[in-house]
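Reader: Hey, can you walk me through this one?

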Amino acid sequence: MSAQTLAEKMISKNHMGINIASVTIGVGILTFPRSLAKATGAFDGWISVVISGLFACLIGWLLAKLAARFPRKTFFEYSSIIASKPIAYILTFLVCIYTMLFVSFEIRAIGNIAKQYLFYNTPVEMITLSFLLIVQYSVVGSRIAMLRLNLLFLPVVLVVMFIVLLFTTQLFEVENIRPYFSSDWRSLLAGSKDVGLSYSGFEIILFYTMLMKNPKEGARAVTLGLSIPILLYMTIYMFVIGVFSADVAANLTYPTIELAKEVEIPGGFFERVESIFFTIWIMTIFNTCAMWLDITVLNLSSMFFNVHKTVWVLILSPVIYFVAMLPQNLVDFFTFADSVTYFGIAVVYFCPILLLVIAILRGVKSNE
């Protein structure tokens, strides 16, 4: 890396879009059909996916515009310019709390799902700890190298998902998706709120725009990155309803995994496709956790320059693990997930948009 030029260490618009898509396709892809089927009770839930996706694009566009006004600067630095240093310290600390909680949620999700579908006799505490240790190793290394893993992993995940959907077409029943357009606008909006929680992740544009070759392309990168989850979520929801029906999907904890379990590849070459699907999906969760932990370290390092990255990782990891182990059952776990998401809406959606408004009104921009 030391022999590379600055331009080679920067990431392009397409690369940023892939990073956003990868971090967005996380645990939510496994659970959103259940909450969406409960809210709408019909095939029309795909409309909610589109509505919430377009809203996420709008929020992401605003966040990208904020970061693009201050190229090569961290969140703490441009928050200090817009507001003041004391406020910047408070906002950045809140962001660090949110990103740490998000990592805790993701690693606990890995522990729960892996125990349920793969490692029946292994304690969830050991599964979660093992995964966290691997994430630690990734974050301690090169930041650009970590981000470039998404270029390798995301295409594999999408191909496996395509194969799963391809082999479930024979199980698709048209009667399960009828009647069409039977949901009222209230249920569609309720579904949009529920599935909107699954789009969390695009806010990384606030922190990684400083690594882009052309920061002004951040808004287009967000649109590109979110278009992949929108299309993927629409397709998955349609297939889940077509295979199981809305009533059944509303009572499945992880409908997407259950969809993979229904796959039967001719010839019996693979008998448990859901294990392959889950193993590949772990790659996406690994990248998601690594990026969120890296963002936590990045923000802390921007406030405290003298502390090395490795030290921050070692300090944060026990706290993240302790919080991940707090939920005692699935009800506690999903309540924790909703709480983290709503906290994130206030910290990384509302506050940065408010900063953008203040920056525009005051005419504040970077000198670079």
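Author: Sure, here is a chat about helix packing, one residue and the cysteines. It's a predicted model, where local features need pLDDT of at least 70, side-chain atom pairs count only at pLDDT 80 or more, and totals for chains, interfaces and linings use all residues. Residues are numbered from 1 along each chain as its sequence is written, and side-chain values use heavy atoms, with hydrogens and water left out.

Reader: OK, at what angle do α2 and α8 pack?

Author: About 70°, with the axes of α2 (residues 13-24) and α8 (residues 143-167) 9 Å apart. Helices here are DSSP runs (H or I, at least four residues), numbered from the N terminus. Axes are lines fitted to C-alpha atoms over the stretch in contact, and angles run from 0 to 180 degrees between N-to-C directions.

Reader: Which residues of α2 meet α8?

Author: His15, Ile18, Asn19, Ala21 and Ser22, and they meet Leu147, Arg148, Asn150, Leu151 and Leu154 in α8.

Reader: New topic: is Met303 buried or exposed?

Author: Met303 is buried, at 5% relative accessible area. Buried means under 20%, exposed over 50%, partly exposed in between (1.4 Å probe, protein chains only).

Reader: And what is Met303 in contact with?

Author: Skipping neighbours within four places in sequence, Phe76, Tyr89, Thr92 and Phe93 are in contact with Met303. Contact means heavy atoms within 4.5 Å.

Reader: How many disulfides does the structure hold?

Author: Zero; a disulfide is a pair of cysteine sulfur atoms within 2.5 Å.

Reader: Why no bond for Cys351?

Author: Because the closest cysteine sulfur, in Cys96, is 14 Å from the sulfur of Cys351, too far for a bond.

Conventions
Helices (H or I, at least four residues) and strands (E, at least two) are DSSP runs, numbered from the N terminus.
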